[in-house]
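This report describes one protein model for a reader at the bench. It goes from two helices to the whole chain and then to single loop residues.

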Amino acid sequence: MATIQDRIKEIEEELKKTEYNKATEKHIGLLKAKMSRLEIELLSQKKGGGEGFAIPKTGDSTVALVGFPNVGKSSLLNDLTSQRSETGNFAFTTLKVVPGIMSYNGAQIQILDLPGIIENAATGSGRGREILSMVRSADLVVVVTDVQVKGVDRIVNELHRAGIVLNRKQKNISIKKSNSGGIRIHKPRNVAVDDSQIREILKEFKVTNADVFIRESIDSDDLIDHLKGHTVYIPGIFVVNKIDLPHSDQDIEDLRKMGKVIEVSAATKKGIPELKEEIYQALSLIRVFLREKSGYVDLERPLVLRKGALVRDVVRKISREMLESYRYAILSGPQRKQAELRVGLDYELLDGDIITIISRN
Ligand SMILES: Nc1nc2c(ncn2[C@@H]2O[C@H](COP(=O)(O)OP(=O)(O)OP(=O)(O)O)[C@@H](O)[C@H]2O)c(=O)[nH]1
Ligand SMILES: [Mg+2]
């Protein structure tokens, strides 16, 4: 009898052979749904992976470096942080996760150098799955390649199979299962996936009675990702390392379709300052400075928060008790028109804000 792995392989082969066009679109959607379903089945059969692998998250944000072996991930970690990760001119020099801290603009950004095990990591070895679970919890994925750019799509696909979607927003879909009544689909007119295809995909996930609410334009991948149920949506940037070596500009140009591309050389340090800046930007962080009672503002030590953070988040970071005794805060900063803005706990902060917290007593 064919094992689940065999069936996954078969579908993979068929997907490779099938050219994507209007006529095959539905068929491809269904094959992908089948494959996701089988992968979930396979994972549920396996027990947890190796031991002592997980690295605790530290700092203000976590960035995962992923890519094929020998592309220079460890060399980059060494350039970005003060950590020393072993490098070598052969595959699989790095066998465990090596963390480092990149200090940038007052933010402490944790960078994880991951072993170059990517292909079939989702369904393969325990180690591969452990690596993917570290990628899942990262705030940013940096896909590293050398100037042999071809094959980066395989990495993106492998991440996708593991429920990690790069540079795509989560779509507004909800599915309310019921006991009878079949499938009822509620969707706006501009959705490209037709009802029969939605039904087929749902059937693959054994959903036969449900109300399906689709509230924006989606494709079949969006629906499958939703049904898989554990999908995370993370920003990703692409780094082409070893740019000091001969390379094809066209290959790099093609890569730009997948996201932001930064060309660097860990060997000559070309592009390293730009890479640091891009990592910082991609994390969408803001820095807020605290004015102490004495009036002193320490500009060297900002509080680092996510874009969209509220005054409440700063107060909570300082102390829980302060949340109780909070009266109001005064904001000023380069992005504020008003000199001194009096605000409540639910006011949104902007990068560079200086905050004075006024509490009772
Ligand atoms: N020419 C050139 N060589 C580089 C560059 N960056 C790294 N290398 C070399 O490429 C080889 C692999 O570098 P590593 O940093 O060990 O690569 P890795 O991606 O961590 O490899 P694994 O741990 O095996 O996955 C080493 O011999 C490095 O010296 C670069 O920018 N230019
Ligand atoms: Mg390495």
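Is helix H7 (residues 220-228) mostly covered or mostly uncovered? Helix H7 is mostly covered, with eight of its nine residues buried. Buried means under 20% relative accessible area, exposed means over 50%, and partly exposed lies in between, for a 1.4 Å probe and protein chains only. Helices (H or I, at least four residues) and strands (E, at least two) are DSSP runs, numbered from the N terminus.

The model is predicted: local features need pLDDT of at least 70, side-chain atom pairs count only at pLDDT 80 or more, and totals for chains, interfaces and linings use all residues. Residues are numbered from 1 along each chain as its sequence is written, chains are lettered from A and ligands numbered from 1 in the order in which they are written, and side-chain values use heavy atoms, with hydrogens and water left out.

**Helix H7**

The buried residues of H7 are Ser220, Asp221, Asp222, Leu223, Ile224, Asp225, Leu227 and Lys228. At the N-terminal end of H7, aspartate 219 acts as a cap, with a side-chain oxygen 3.2 Å from the backbone nitrogen of aspartate 221. Such a polar contact is a pair of N or O atoms within 3.5 Å; within protein, one must be able to donate a hydrogen and the other to accept it, and residues adjacent in sequence count only if both atoms are side-chain atoms. Glycine 229 follows H7 and has a positive phi, near 85 degrees.

**Helix H3**

Helix H3 (residues 73-80) is also mostly covered, and seven of its eight residues are buried. Its cover includes strand E1 (61-66), strand E4 (140-145), strand E10 (236-240) and helix H9 (272-282). H3 packs on H9 at an angle of about 85 degrees, with the axes 11 Å apart. Axes are lines fitted to C-alpha atoms, for helices over the stretch in contact, and angles run from 0 to 180 degrees between N-to-C directions. H3 and H9 are therefore roughly perpendicular to each other, a term for angles of 65 to 115 degrees. Leu76, Asp79 and Leu80 of H3 make the contact with Ile272, Leu275, Lys276 and Ile279 of H9; contact means heavy atoms within 4.5 Å.

**The whole chain**

The protein has eleven helices and 16 strands. Of its 361 residues, 47% count as buried. The mean pLDDT is 88, and 93% of the residues reach 70 or more; pLDDT is the predictor's confidence in each residue, from 0 to 100. Over residues 48-52 pLDDT stays under 50. Where pLDDT is low, the predicted coordinates should not be read in detail.

**Loop residues**

Aspartate 146 is found in the loop between E4 and helix H5 (152-161). A polar atom of the aspartate 146 side chain lies 3.0 Å from the backbone nitrogen of glutamine 148. Aspartate 146 and valine 71 are 75 residues apart in sequence, yet 4.9 Å apart in space, C-alpha to C-alpha. Leaving aside neighbours within four places in sequence, aspartate 146 is in contact with Val71, Val240, Asn241 and Lys242.

Lysine 242 lies in the loop between E10 and helix H8 (249-255) and has a positive phi of about 65 degrees although it is not a glycine. Lysine 206, in the loop between helix H6 (195-204) and strand E8 (210-214), has a positive phi near 60 degrees.

| Residue | Exposure | Relative accessible area |
|---|---|---|
| Aspartate 146 | buried | 16% |
| Lysine 242 | partly exposed | 22% |
| Lysine 206 | exposed | 63% |

Note on methods: Parallel < 35°, antiparallel > 145°, perpendicular 65-115°, else oblique.
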